[in-house]
Amino acid sequence: MFERSKKAASNLKRLIAVAAVPALSVLAISLSPHPSNADAHALYVVSDESYLRVDEVAGDVFLTDGSASLVSRQGGSELALASGRTVTVTHQDLTFSTVSRQETVTELLARLDVRPSPLEMVSVAILDNGIEIIVNSEFVFYEHITNTTEHETVYQYNDKLPDWQENVLQEGRDGERREVYEVIYQDGEETARQLIDVVDTPAEPTIIEKGTRANFANNGDEVSAINTNADGSGTITLDNGQTLTFSSSRTMKGTAYTTGGKVGTRTASGTQVRVGVVAVDRSVMPLGTKVYVVSNDGSYVYGFAVAEDTGVRGNIIDLYMDTYNECIQFGVRDCTVYILD
């Protein structure tokens, strides 16, 4: 954003602004006028390369950080240009060409006998193919004002996931409103300002899926340890450090089923069949019971599941699997079923 210096300057007005020559998208700095009433009221420097010795610029110097914010700097001598650069100077409809020496802008203009009047300003554009200096009583610059709106975080709750699990479904992005103003300066003063462009990019929220099912884990979460107390209760420790508790365990005959034929895709609880769903006799195990299932010999781990389906009778637990071949490979096995709290 444009700012005016709050420091007084004797006999001269000090203009501080982000400046850009039309059709250039560049880094800009401005500095205080030369200490003489005969010099120009303002010097605007536009650069897309590192030829400026900014640390050697006198007075209050303001650099853009790429977003039109201004950062104050202090320095030593007047602005210096690198030597060996092709320089084109335009003043009063006359064009001069030269090669820069190890000199300041003031020294270069004096060498060409170009003497800006008190009503004129100097614009210096340092480009890939050389340096362009324009001395004129009017310049058009472009001010970029950017306002940022922080994005929100939105949670989507999933009762099928454990309450310790969070999944980022969408990375958020801050919103941005960028306004571009065309600003006219004459005699070092702003004389006109017009809004010429607005780019409004809305914020996008971060979306996080958060589980709500307590004392549970995903079907395939790895278990590092199972500890059983004397009363049959105990804990199941996951590889990720989470600890679940169970009230008891029992041996049940394990079978497997999948969709197809007379088996549909909806469970007796009205949910979608999936790995992690088991069918039980509701008189043996209530629907909604959370379990951890592993074969008695330890050769097969079905993992964490919820009793959401029926269709079997007695002490049987029927494990849902994605394919018929998986069901055949599993066959019938005695399983240890841990009843989670």
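Analyst: A charge is said to sit over a ring if NZ of Lys or CZ of Arg is within 6 Å of the ring centre and within 35 degrees of the ring normal. This is a predicted model, in which local features need pLDDT of at least 70 and side-chain atom pairs count only at pLDDT 80 or more, while totals for chains, interfaces and linings use all residues. Residues are numbered from 1 along each chain as its sequence is written, and side-chain values use heavy atoms, with hydrogens and water left out.

User: What makes Arg-193 count as lying over the face of Tyr-181?

Analyst: Arg-193 is placed 5.5 Å from the ring centre of Tyr-181, and that value satisfies the distance part of the rule, therefore the label can apply. Arg-213 is a further case, with its charged end over the ring of Phe-216 at 5.5 Å from the centre.

User: Why is the aromatic pair of Tyr-257 and Tyr-320 called edge-to-face or stacked?

Analyst: Rings of Phe, Tyr and Trp (its six-membered ring) pair if their centres lie within 6.5 Å, and planes under 30 degrees apart count as stacked, over 60 as edge-to-face and the rest as tilted. By this rule the count comes to seven aromatic pairs. For Tyr-257 and Tyr-320 the centres are 5.5 Å apart and the planes meet at 80°, so the pair is edge-to-face. It links distant parts of the chain, since Tyr-257 belongs to strand E19 (residues 243-257) and Tyr-320 to strand E23 (residues 316-320), 63 residues apart; strands (E, at least two residues) and helices (H or I, at least four) are DSSP runs, numbered from the N terminus.

User: How do you know whether Tyr-257 is buried or exposed?

Analyst: Buried means under 20% relative accessible area, exposed over 50%, and partly exposed in between (1.4 Å probe, protein chains only). Tyr-257 has a relative accessible area of 10%, so this residue is buried, and Tyr-320 is likewise counted as buried at 5%.

User: Why is the pair of Tyr-292 and Phe-304 called tilted?

Analyst: The planes of Tyr-292 and Phe-304 are 45° apart, with the centres at 4.6 Å, and an angle that fits neither of the other two classes is therefore tilted. The pair ties together parts that are 12 residues apart in sequence, because Tyr-292 lies in strand E21 (residues 290-295) and Phe-304 in strand E22 (residues 301-309). Tyr-292 is buried, with a relative accessible area of 5%, and Phe-304 is buried as well, at 1%. Both residues belong to a cluster that ring pairs form with Phe-216, Phe-246 and Tyr-338.

User: Why is Ile-226 called partly exposed?

Analyst: The relative accessibility of Ile-226 is 31%, so this residue falls in the middle class. Ile-226 is found in strand E17 (residues 223-228). Leaving aside neighbours within four places in sequence, Ile-226 is in contact (heavy atoms within 4.5 Å) with Thr-235, Ile-236, Phe-246, Tyr-292 and Tyr-338.

User: What makes the set of 22 residues a nonpolar core?

Analyst: A nonpolar core is a set of buried Ala, Val, Leu, Ile, Met, Phe, Trp, Tyr and Cys residues joined through side-chain atoms within 4.5 Å. The largest such set has 22 residues, and those with the most contacts inside it are Val-278, Val-291 and Ile-317. Elements giving two or more residues to this core include E19, strand E20 (277-279), helix H2 (324-330) and strand E24 (333-340). A second, separate core of 14 residues includes Val-122, Val-124, Ile-131 and Ile-133.

User: How do you know that E6 and E7 pair, and in which sense?

Analyst: Two strands pair if DSSP finds at least two bridges between them; strand E6 (residues 86-91) and strand E7 (residues 94-99) have six, in the antiparallel sense. Val-89 has Phe-96 in E7 as its bridge partner. With strand E10 (residues 130-136), E6 pairs in the parallel sense over five bridges, and the partner of His-91 there is Val-135.

User: Which side chains of E6 point to the buried face?

Analyst: Val-87, Val-89 and His-91 point to one face and are buried, whereas Thr-86, Thr-88 and Thr-90 point to the other and are not.
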